[in-house]
Amino acid sequence: MATKGPVQVYRFQTIWEEAHWIAQKCRDLYDAGQAIALVLPTPEPSPLLRHRLLQKKMLPPSPRFTITQSLPPKGPLVILPHCHLDFQNTSPVETPYEEILQKHPSPILVTFAKMDLMGRDLYPLPVLHSLPYEAIEPPKDNPSPSKEPEGHFRFQSARALKNLETHLSGRSWSVTELEDYLQCPFYYFARHLLRLKTALIVDGDVPPPVLGQCLHTILYRFFTTARSEFVTALDQTEKKEALLQELATQTQAVFSEMRREYPEILEGLWEQKKTRILSALKKFIKEEWRQLKEQHTYHPTYFEWGFGGPHTEKPLTLTTDEGTYSIQGRIDRIDIDVNQKRFVVIDYKTGQGVTGASIQKGKSLQIPLYIAAAQQNLDKSMEPMGGLFVNFNHLTKKDGLLKMEAAETFGLHPRSSTYTPDDVWERLFCELPQKIEGLIKNILHGHFPLRSEDDPCPPYCEFQEVCHVKERKQT
Ligand code: SF4
């Protein structure tokens, strides 16, 4: 490491290295009680780096610190603005770097990236340029991160991998996190490891996650209240009316609670949404009655049916030659045909649906895992017939995975990809343990690439600002 008076200078190749190497380096120096000055390649730190540093309390709350005539404030980290030559702006820079570098009593770590997010060369201010730089070396037991193809982010250091192993292995895995990893490993990394939380953006509408929460709660309360009456009301108009009134009451109650929880959402929006949601739910319930009467005998039986958690059913266990994996989750609804001893699992969706074809190709594992969990926990004589998504955007219940023999029962289009040939069904469930094991191994090995370029990212993905997927596409 180069040491010149109080200044140590390092160069980093890319933003990825910065996000992790710099954070690590800063933490080491912070632990050693040294002051740090951090020079970033972009006017603002990347959201990922910023979040990591904030989490470690190494960043002042303001993203920029404007240095005037004084030395850096007390604290381990200072972000120096205007540290690169800006060819668009030739006005003189007044930041007193020279003074800071010469007079600061503690060692300062200056980091400097050679390129920006778009891969363009960056040039430091002359005062920084005159310092002797040293390229930071990755630990010897790991290959250089820069050898990884762009977007194939993976953990490099033995210490980070050990941390993953310590914190993650041997515990119960949730269906949600495994599905998140399958959809986009980076999304998993941001949501479940970094635990990034995006601010709720209220821009003229009730945000979709809040609406989803409303729908789940209303339906849970409605079905647990209605229970057996939901089926016996089939031929009784008055009973049906009473249940629809119950639905309206629950909707009103849930919206009132949510309104208190999210006061930033305008009053008028709640009213507008409540009317629309109630109308959609009524249509959904009436359609459920119609199907019960005309097509099938599956009765909604279990609601918010948990497995693997405290006070719930047992976890799903999947065993391979190499180990046993414990899975936990919560199924929105399980419908049972008591006479034929068959069941289907139901999941309520407010976002993008998942087609049968995708599930059969192994691109979504949520429904197969739910089916397997219910099969392990319910009466052994119960036969799984499949699982369906209720999509509240279109008010449909047609996507999912159903056995061919359920074709007549659920009345979907005969060529619907939801109907799954027996051999595909067999293969899917036979391969499920290995598939889950593969995902878990990848997580423990620190592989967190961006979503495959063949699968477009969901337009609403909350981490698109963090993962820089757009920059990848532009380059
Ligand atoms: S935008 Fe795409 S690549 Fe980025 S986190 Fe979301 S799903 Fe992954």
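**Exercise 1.** Is histidine 311 buried, partly exposed or exposed, judged by its C-beta neighbours inside 10 Å?

*Solution.* Start with the criterion: a residue is buried if 20 or more other C-beta atoms lie within 10 Å of its own, exposed if 12 or fewer, and partly exposed in between, with C-beta atoms placed from the backbone. Histidine 311 has 5 C-beta neighbours inside 10 Å, so it counts as exposed. Next, place the residue: histidine 311 lies in the loop between β7 and β8 (316-319). Helices (H or I, at least four residues) and strands (E, at least two) are DSSP runs, numbered from the N terminus. Finally, check the backbone: histidine 311 is not a glycine, yet has a positive phi of about 55°.

Two notes apply to every exercise. Residues are numbered from 1 along each chain as its sequence is written. The model is predicted: local features need pLDDT of at least 70, side-chain atom pairs count only at pLDDT 80 or more, and totals for chains, interfaces and linings use all residues.

**Exercise 2.** Apply the same steps to arginine 227 and proline 300.

*Solution.* Arginine 227 sits in the loop between α8 (208-226) and α9 (228-232). Arginine 227 has 14 other C-beta atoms within 10 Å and is therefore partly exposed. Its phi is positive, about 40°, although it is not a glycine.

Proline 300 belongs to strand β7 (residues 299-307). It has 19 C-beta neighbours inside 10 Å, so it counts as partly exposed. For its contacts, use C-beta atoms placed from the backbone that lie within 7 Å. Not counting residues up to four places away in sequence, proline 300 touches Phe223, Phe230, Arg333 and Asp335. From proline 300 to aspartate 337 is 37 residues in sequence and 9.1 Å in space, C-alpha to C-alpha.

**Exercise 3.** Trace the strand pairing from β10 to β13.

*Solution.* Two strands pair if DSSP finds at least two bridges between them.

- Step 1: strand β10 (residues 342-349) and β11 run parallel, joined by 8 bridges. Tyrosine 348 has valine 390 of β11 as its bridge partner.
- Step 2: strand β11 (residues 383-391) and β12 run antiparallel, joined by 5 bridges. Glycine 386 is bridged to leucine 402 of β12, and phenylalanine 389 to aspartate 399 of β12.
- Step 3: β11 and β12 form a hairpin with 4 residues between them, and leucine 395 in the turn has a positive phi of about 55°.
- Step 4: β12 and strand β13 (residues 419-420) run parallel, with 2 bridges. Here lysine 403 stands opposite threonine 420 of β13.

Now consider burial. In β11, 7 of the 9 residues are buried, and the strand is mostly covered. In strand β12 (residues 396-403), 6 of the 8 residues are buried, so the strand is largely enclosed by the rest of the structure.

**Exercise 4.** Compare the length of helix α13 with its expected span, and describe its burial.

*Solution.* The expected span of a helix is 1.5 Å times one less than its number of residues. Helix α13 (residues 366-377) has 12 residues and should span 16 Å; its end C-alpha atoms are 17 Å apart, which agrees. Of these 12 residues, 9 are buried, so α13 is largely enclosed by the rest of the structure. Among the buried residues are Gln366, Pro368 and Tyr370.

**Exercise 5.** Relate phenylalanine 186 to the nonpolar core and to the ligand.

*Solution.* A nonpolar core is a set of buried Ala, Val, Leu, Ile, Met, Phe, Trp, Tyr and Cys residues joined through C-beta atoms within 7 Å. The largest has 72 residues, of which Phe186, Val345 and Tyr370 touch the most other members. Setting aside neighbours within four places in sequence, phenylalanine 186 is in contact with Phe153, Phe448, Pro449, Leu450 and Cys467.

For the ligand, a residue is near if its C-beta atom, placed from the backbone, lies within 6 Å. Phe186 is one of the residues around the ligand, and Leu450 and Cys467 are also among them. Helices α7 (185-193) and α16 (464-467) each supply at least two residues of this shell. The shell divides into 9 nonpolar, 1 polar and 1 charged residues. In this count, Ala, Val, Leu, Ile, Met, Phe, Trp, Tyr, Cys and Pro are nonpolar, Asp, Glu, Lys and Arg charged, and the others, Gly among them, polar.

How values were computed:
Contact = placed C-beta atoms within 7 Å.
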